[in-house]
Amino acid sequence: MTRREALRRIAALNLWTLTCLAGRGEGVCDMSGIKDLPVSPTTVPVPAGGAGMLAPSGGPPLHRGLRVMVFAPHPDDETLGAGGLLQLVRASQGTVRVVFVTCGDGYVEGARNHYGRAGLAPKDFIEYGRMRWFETVRAMKSLGVGNGDMELLGFPDAGIHALLSTHWGAELAYVSPHTLMSRPPYPECRDTDIRYTGSSLSRSISDSIAEFSPHWVVLPDPLDRHPDHRAVALFVLGALSCLDGSQRVQVESMRILTYFIRTSPFPASPEGARTAGAAGHSAPSAVRVPLRFALGEKERRAKEQALLHYTSQQFLLSPVLSRFVAPFEVFGQVEPVVVTDRNCLWNRLPATG
Ligand SMILES: [Zn+2]
């Protein structure tokens with residue numbers, strides 16, 4: 001697969017997502033959508049069964065040896081969206097790998113809250129990002145996820161969408177307006193020499209997937225309202241579309257799940273995608289019947305405790321904690337054929353030029 005082809009596919013996915021988002025407000029980076037997240041089992045329109053996919057407990061069976069890879073745009077997304085699932089996989093003697101695309105070093109409101117002042121220098125944002133990474137390590141440890149089960153890519157927070165749209169090629173490295181860096185400044189990163197470009201992020205994600213060889217890949221929902229979340233979803237789906245059998249990864253048999261952080265309405269259902277698509281184009285049913293995993297008291301308590309390790313984010317998390325620490329976690333599913341079969345998605349999209 002050439003770079004041009006990979007970019008074309010990602011651009012096609014991006015266009016599809018933007019089409020789906022038509023009329024919903026674009027690029028809004030706030031927490032207002034959270035009010036639509038579930039607060040009790042009865043508020044979530046999850047079917048009792050879906051195409052024979054759901055196990056009696058509500059989710060597909062977990063088993064020994066299952067390899068589950070979770071992608072997080074920022075620290076805490078993995079716990080908010082999949083903190084329960086991470087525990088369930090480990091309890092079933094499966095293996096998890098959590099990949100953090102950024103360490104949240106471009107979150108201006110959070111950094112100002114942390115330092116208690118408005119004027120911040122690039123070194124402050126780097127220090128803030130490093131501090132958030134240490135919070136992440138503690139949070140993951142509390143869920144039994146060790147350093148060897150985590151990866152930090154260290155790409156620029158609040159810049160992932162720009163990598164996708166305007167800074168793809170090697171000649172177009174992105175410079176974070178917060179850290180003023182064009183490569184990861186953190187020694188904990190997977191590759192500290194890598195430049196901030198879309199192609200390098202795509203390659204990092206592909207390499208991570210190929211190395212871990214997951215059975216399941218869990219990513220933010222492509223219809224999430226946060227630009228970074230949406231862009232990470234597109235990068236992961238695009239990376240999956242670029243993998244082939246020679247890399248030990250069988251995408252055709254992979255389960256691709258999406259978690260919901262800033263998605264409204266909730267969940268991002270096939271019905272929602274079709275409704276949005278009716279405004280202009282026919283959106284494919286990439287996200288099908290939602291899945292849910294029941295969480296017991298033990299998992300809920302551990303998820304809550306893990307989120308409390310994100311000390312710097314409590315001003316944001318506290319008001320919404322109870323909405324995420326629910327008796328279940330819900331995921332959308334993306335059909336593997338969406339990323340493996342050109343006839344499924346790509347040929348149904350308008351030309352991207
Ligand atoms: Zn996030």
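I'll start at one residue: Ala233 lies in helix 7. Keep in mind that this is a predicted model.

Is Ala233 buried or exposed? There are 24 other C-beta atoms within 10 Å of Ala233, and 20 or more is the cut-off for a buried residue, so Ala233 counts as buried. Leaving out residues up to four places away in sequence, Ala233 touches Leu219, Pro220, Asp221, Pro222, Asp224 and Thr258. Leu223 is ten residues from Ala233 in sequence, and their C-alpha atoms are 8.7 Å apart.

Now the helix around that residue. Helix 7 has 16 residues, and from its first C-alpha to its last it reaches 22 Å, close to the 22 Å expected at 1.5 Å a residue. Helix 7 is mostly covered, with 16 of its 16 residues buried.

Next, the core. The largest nonpolar core has 78 residues, and those touching the most other members are Val70, Val217, Val218 and Val236. Which helix gives the most to this core? That is helix 7, residues 227–242, which supplies ten residues. Take Val236: again setting aside residues up to four places away in sequence, its contacts are Phe71, Ile205, Val217 and Leu219.

On to the sheet. Seven strands make up an open sheet with mixed pairing, and their order is 3-2-1-4-5-7-6. Which strands stand at the edges? They are strand 3, at 150–152, and strand 6, at 291–294. Each has a single partner strand, so one side of each has no neighbour in the sheet. From one strand to the next, the twist averages 25°.

Strand 1, residues 67–72, and strand 4, residues 216–220, run parallel and are joined by three bridges. Two of the core valines meet here: Val70 has Val218 in strand 4 as its bridge partner.

Two helices to point out against the sheet. Helix 2, residues 77–91, packs on it and touches strand 1, strand 2, strand 4, strand 5, strand 6 and strand 7. The direction of helix 2 makes about 170° with that of strand 1. Helix 6, residues 198–212, lies across strand 1, strand 2, strand 3 and strand 4. Relative to strand 1, helix 6 runs at about 160°.

My last element is helix 9, residues 297–308. Its twelve residues should span 16 Å at 1.5 Å a residue, and the end C-alpha atoms are 17 Å apart, which agrees. Which residues of helix 9 are buried? They are Glu299, Ala302, Lys303, Ala306 and Leu307. Looking down the axis of helix 9, the buried residues fall within an arc of 135°, so they line one face of the helix. Glu297, Lys298 and Arg301, on the other side of helix 9, are exposed. What covers the buried residues of helix 9? The cover includes helix 2, helix 4, helix 10 and helix 11. Helix 2, then, touches strands of the sheet and also helps cover helix 9.

To finish, the whole chain. The protein has twelve helices and seven strands. Of its 353 residues, 49% are buried. Among contacts between residues at least 6 apart in sequence, 81% join residues at least 24 apart.

Notes:
Residues numbered from 1 in each chain as written. Predicted model: local features only at pLDDT ≥ 70, side-chain atom pairs only at ≥ 80, totals over all residues. Core = buried A, V, L, I, M, F, W, Y, C linked by C-beta atoms within 7 Å. Buried ≥ 20, exposed ≤ 12 C-beta atoms within 10 Å, placed from the backbone. Helix = DSSP H or I, 4+ residues; strand = E, 2+ residues; numbered from the N terminus. Contact = placed C-beta atoms within 7 Å. Pairing = 2+ DSSP bridges. Axes fitted to C-alpha atoms, helices over the stretch in contact; angles between N-to-C directions. Expected span 1.5 Å × (residues − 1). Arc of directions from axis to C-beta.
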